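Thanks, everyone; I would like to spend a few minutes on side-chain packing and aromatic rings in the model we have been discussing. Please have the sequence and the coordinates open while I talk.

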Amino acid sequence: MKILLISPPKMKTQDSPLIVFEEVPKYYPPLDLMSIAACLKKDYDVEILDAQVLNLSYEDIRQEIIAKSPNIIGIKTTIYTLLETIDVAKLIKEIDNSIHINLCGPHTHIFPEIINLPCIDSLIIGEEEIVFSQLVNSFHNLSQIKGIIYKENGQIIHSPSQEVIFNLDSLPYPAREMTPYKKYTINSNTIFTTILSSRGCPYDCLECHLPAFSKSFRTRSSVNVVNEIQECLKLGIQEFIFVDDVFTLNRKRVFELCDEIIRRNLKIKWRINARANNIDYSLVLKLKEAGCHWIHYEMTSGVQSMLDFLKKEITLKQIQYAIKVTQDVRITSSVDIILGLPAQTKEDVQATLRVVNKINPDFVNFLLNLPYLGPEGSKILMWTQETSLSHYYRHLNLFFDSNLEFPLHQNIDELITLLKLAYKKFYFRPGFFIKQSLTSHSYDVFKKRIKISLKVMVSEMGDSPESRK
């Protein structure tokens, strides 16, 4: 049995302008595929093909599949590469219709209806390491597997739910050595990797697209996490991005993890995602001591009534305090802001931009809201960095034979105009340039950031509706 795990190319989606600052990676290691491979590699012939970081064309992918001749192919599926995922699946079936194509990743929970496409054989609806391993082990009897949707004799079968993995320490470390791991870099030459120290988030934010099983918060032991970090250091990896849903949920655990890093005298740099209501000065100080140099907050909106509507359970005061203490200890801060939320007016957007400029994080990532269909067909929210949305909606409507429209009575071009305005309002003001001059650790870094700022302005202001078709 030969298995190939593919991270599809990213050809039809525009990157966030923030990527050009080089502070944010253009390509992330496919952590889920590396975790699946780690569970399979002892017993099966398994390979990972990251078409994004290798910059592979569809023809390149075709040749790789022909050469490797796999029995099962798992494709990582996200909102940003949905169309590429389907293109790759069609290409595979053209090569050999007998290859079983499984989709894994967050998009399978959002649009399980993708199983209706003829080129898709099964979806994972559960924690991927366990379910994909069962898929391989019980390939000829899929009815024995929990946590999948599959086709059998022309019928679509939904299996029972898979139990969550409570003992995360029992999982092997992701098989990073099976990827071109030295190609994943930040700031041109710093090799980084993604790492997970916990799973799940107990909050019920309306815009969140995590599946139900992810509500169960589970953690790895500090020793287990730091052991993995040391294994990565042996590979030459220099920086770590923790992709936990909410890294700071358990304060005691954060202190234990930091203390373990400090005890082993590991001189590493790392980044986390956090919630403003989980932050205090002593916690941020401990993070700094252990090497954390970047904290990202999902601020979402600068209007309190919108935060309440989205069930964020945070206040603007908490956000302002979190940014202040983060910057006081000289940790880089960044936030997400979503434009196009339900009932959001242009006045709300203007108010949000004023608040963002007031709290003055180091970087802001502005996102556009998209509706998607929830478990009972209800419209829920989802965001994307993409600024070329027409193809997404054509595909969405193809799935559901519907005519979904943007919320707020705004069309695509109106939202993109707001997006451009937001980037201009934040990145092209005296306060941002002053901060760059004060926080850049060298004149060369300052010059680079200012030059990139101008590049962002040109790219954002120069985009036209015609270029997005």
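Let me start with Leu287, which, in this predicted model, touches Phe247, Val254, Cys258, Trp270, Ile272, Cys292 and Ile295, once residues up to four places away in sequence are left aside. Leu287 also belongs to the largest nonpolar core, a set of 64 residues, where it is listed among those with the most contacts inside the core, together with Ile229, Phe242, Ile261, Trp270, Ile272 and Phe366. The element that gives the most to this core is helix α13, residues 412-427, with 8 residues. Separate from it there is a second core, of 25 residues, and Leu56, Ile73, Ile75 and Leu103 are among its members.

Turning to the rings, the count of aromatic pairs comes to 8. Tyr28 and Phe192 make one such pair, edge-to-face, with 5.9 Å from centre to centre and 85° between the planes. Because Tyr28 is in the loop between β1 (2-7) and α1 (31-40), while Phe192 is in strand β9 (residues 190-195), this pair ties together parts that lie 164 residues apart in sequence. As for exposure, Tyr28 is partly exposed at a relative accessible area of 39%, whereas Phe192 is buried at 1%. Elsewhere, ring pairs join Phe366, Tyr423, Phe426 and Tyr427 into a cluster, and Phe366 is the residue I listed earlier for its contacts inside the largest core.

Finally, two arginines deserve a mention: the charged end of Arg253 sits over the ring of Phe247, 5.1 Å from its centre, and Arg271 lies over the face of Trp294, at 4.4 Å from the ring centre.

Note on methods:
Residues are numbered from 1 along each chain as its sequence is written. This is a predicted model: local features need pLDDT of at least 70, side-chain atom pairs count only at pLDDT 80 or more; totals for chains, interfaces and linings use all residues. Side-chain values use heavy atoms; hydrogens and water are left out. A nonpolar core is a set of buried Ala, Val, Leu, Ile, Met, Phe, Trp, Tyr and Cys residues joined through side-chain atoms within 4.5 Å. Buried means under 20% relative accessible area, exposed over 50%, partly exposed in between (1.4 Å probe, protein chains only). Helices (H or I, at least four residues) and strands (E, at least two) are DSSP runs, numbered from the N terminus. Contact means heavy atoms within 4.5 Å. Rings of Phe, Tyr and Trp (its six-membered ring) pair if their centres lie within 6.5 Å; planes under 30 degrees apart count as stacked, over 60 as edge-to-face and the rest as tilted. A charge sits over a ring if NZ of Lys or CZ of Arg is within 6 Å of the ring centre and within 35 degrees of the ring normal.
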